[in-house]
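Biologist: I am new to this structure and should be grateful for a close look at a single part of it. Please take the second domain and its sheet, and then place that part within the chain.

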Amino acid sequence: MRIGIVCYPTFGGSGVLATELGKALADENHQVHFITYQQPVRLNVFNANIFYHEVRVPTYPLFDYPPYEVALASTMVDVIMNYDLDLLHVHYAIPHASAAYMAKQIVKQKTGRSVPVITTLHGTDITLVGKDKTYEPVVTFSINESDAITAVSQNLKDETFRSFAIRKDIQVIHNFVDVTRFNKKPIDAFRKVVAPNGEKILIHASNFRKVKRVDDVIRVFAAVRKEMPAKLLMVGDGPERPATEELARNLGVDEDVRFLGKQEQMEDILAVSDVFLLPSEYESFGLAALEAMAARAVVISSNAGGLAEINEHGETGYLTEVGDVASMSAFAIDLLKDEKKLEKMKEAAYQQALRFDIKNIIPIYEKLYAQYCRRT
Ligand code: GMT
C-alpha cells in the first residue's frame, strides 16, 4: 500500500508512535510518505520505502499567524496526487484531521477519487486542546468525517464519546513498543557515571508540561533519598523545568538529580534505570511508561487515563491516585529495598511490554488499512 502519515515531528508520544509505525510499515514493504513540517525525531534510518515531504509555510508580513493548516492541506493534495497514495493516516486530530478533510475534498474534485482518511486520537487533542470551545466544532466535524477513527486506549475512546458528539465507532488500537530495541543490556560505564556507588536509579521522561506533574517526581525522589542512596534522571524539557530544578534545590536533592534534556537514545538510559516515575494528571496511554517496561524498569505511576491498561498494580508496577506522593514514595522505597521483589517486578513489567510489542500491533493497522485501500 502507499500510505501517507501525518504527525507532529517532535519528541511527543503521538509523533514517536506515528514515526515508529511508518518505519515498521516500510519494513513490511509498504511505501510510506511522512508529511510534516520537520524531519520527525525518530525518523533516523534510511529505507527505500520511506519518503519525507516537508510542509513549507511561507511567511508574509501580513500574517501574524502563518496559515499552517492551508499549507499542510496543499502538501497533502500534492503528495496524494503525485505519489498516488491509497490512504492518509493522520495522528493527533488538530489540525491534521481537518487538513486531511480539506485535502480529500480537493482531490475528489480534481480526480473523482475519494482518498480514505484514518484519524488516530492520541490524548490532549481530545482531553485538553480539542475540548476547548475555540477548536471543538472543527474537531468534532473532522473526526466524524474521517473514514475510520482509532484511539490509543479504551480510556481515550470513552473520553472522546463523553466530550464530543461522535457518530461513528472508534477502534481501540493500543500503542506499541519495539521490545527488541528497548530490551538492552545496561552499559556498565554509563551506570557507573550516574550511580558510582551502586545507588538505585529512578527516572522520569516527559515534555515537562503541567499535566506531567514533574514536581511530584521530585517530591517522591526526595522521600526515597531520605531512606536510601539513590539517583534520579530527568529526561526531556519543557515549561516546568526551571521550577522543577528549583524544587530539587529547595528539597536538598539537586546533587542526586541529573537533568539530561531531550535525548534520542532512550533505550540506553532506560537500560540502567530501576524505577520509572510517571505521576501525570492525565495520560491517554503513557507510551514513555511502556518503553520503560520494555527496558525492564518498574513503573510507579498515577492511575490517570489509560495507564491502568498497561501498568498492573502490584504486578508490573504500582498505581496511585493522582497527587498521592506519599503512596508513590512508600511503594518506591519498599520496592527498592527489596532486591528480590524488584527483580520479579522488572521481569513482570517486561512480560507485559511483550503484549504490546510492535509485532502484535502492526498487523492490526494493516488490517484496518486493507478495509479502505483499493490496492492490498
Ligand atoms: O503528553 C505527551 O507527552 C505528548 C502527547 C502527544 O500527543 O504527543 O502524548 C499523548 O500521546 C501519546 C501517544 O499516543 C500517549 O502515550 C500519551 O499518553 C498522550 N499524552 C496525554 O494524554 C497527556
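Modeller: The account below begins with the second domain, moves through its sheet, and then turns to the rest of the chain. The model is a predicted one, and the description should be read in that light.

The domain assignment divides the chain into domain 1, covering 2-176 + 358-372, and domain 2, covering 179-355. A UniProt annotation from an unreviewed entry, "domain: Glycosyl transferase family", covers residues 190-351. Over residues 190-351, helix accounts for 43% of the chain and strand for 19%. The C-alpha atoms at the two ends of this stretch are 25 Å apart.

The part you asked about is an open sheet of six strands, arranged in the order S10-S9-S8-S11-S12-S13 with parallel pairing. As a general point, strands of a sheet pair through backbone hydrogen bonds, either parallel or antiparallel. At the edges of this sheet stand strand S10 (257-261) and strand S13 (317-320), each of which pairs on one side only. On average, and with direction ignored, neighbouring strands of the sheet are turned by 20 degrees against each other.

Strand S11 deserves particular attention. S11 (residues 275-278) pairs with strand S12 (residues 298-302) in the parallel sense over four bridges, and within this pairing Leu278 stands opposite Ser301 in S12. S11 also pairs with S8, again in the parallel sense, over two bridges; here the bridge partner of Ile203 is Phe276 in S11. The side chains of S11 alternate in direction: Val275 and Leu277 point one way from the strand, while Phe276 and Leu278 point the other way. All of these residues are buried.

Two helices that pack on this sheet can now be added to the picture. Helix H9 (residues 214-227) touches strand S8 (200-205), strand S9 (230-235), S10 and S11. The direction of H9 makes about 175 degrees with that of S8. Helix H14 (residues 339-355) packs on the sheet by touching S12 and S13, and its direction makes about 80 degrees with that of S12.

The loop between S8 and H9 holds Arg213. Arg213 has a positive phi of about 50 degrees although it is not a glycine. Because 23 other C-beta atoms lie within 10 Å, Arg213 counts as buried.

It remains to set this part beside domain 1. The C-alpha centres of domain 1 and domain 2 lie 30 Å apart, and 16 residues of domain 1 are in contact with 13 residues of domain 2. On the side of domain 1 that touches domain 2, the elements giving two or more residues are helix H1 (13-27) and helix H6 (154-163). The residues of that side divide into six nonpolar, 10 polar and no charged.

Domain 1 can be approached through a second open sheet, which has seven strands in the order S3-S2-S1-S4-S5-S6-S7, with parallel pairing. The edge strands of this sheet are strand S3 (50-54) and strand S7 (171-172), each pairing on one side only. Between strand S5 (residues 117-121) and strand S6 (residues 148-151) the pairing is parallel and runs over four bridges, with Thr119 standing opposite Ile149 in S6. H6 packs on this seven-stranded sheet, where it touches S5, S6 and S7. The direction of H6 makes about 125 degrees with that of S6. H6 thus appears twice in this account: it packs on the sheet, and it gives two or more residues to the side of domain 1 that touches domain 2.

H1, the other helix named on that side, leads to a further residue. Asn29 lies in the loop between H1 and strand S2 (31-36). The phi of Asn29 is near 80 degrees, a positive value in a residue other than glycine. Asn29 counts as exposed because it has 8 C-beta neighbours inside 10 Å, whereas Arg213 is buried.

A last backbone feature concerns Pro95, which is found in helix H3 (residues 93-111). The peptide bond from Ile94 to Pro95 is cis, with omega near -10 degrees.

Key. Residues are numbered from 1 along each chain as its sequence is written. This is a predicted model: local features need pLDDT of at least 70, side-chain atom pairs count only at pLDDT 80 or more; totals for chains, interfaces and linings use all residues. UniProt positions are given in the numbering used here, feature names are shortened, and annotations may be inferred rather than shown by experiment. Domain bounds come from an automatic or database domain assignment. Two residues are in contact if their C-beta atoms, placed from the backbone, lie within 7 Å. Ala, Val, Leu, Ile, Met, Phe, Trp, Tyr, Cys and Pro count as nonpolar, Asp, Glu, Lys and Arg as charged, and the others, Gly among them, as polar. Two strands pair if DSSP finds at least two bridges between them. Axes are lines fitted to C-alpha atoms, for helices over the stretch in contact, and angles run from 0 to 180 degrees between N-to-C directions. A residue is buried if 20 or more other C-beta atoms lie within 10 Å of its own, exposed if 12 or fewer, and partly exposed in between; C-beta atoms are placed from the backbone.
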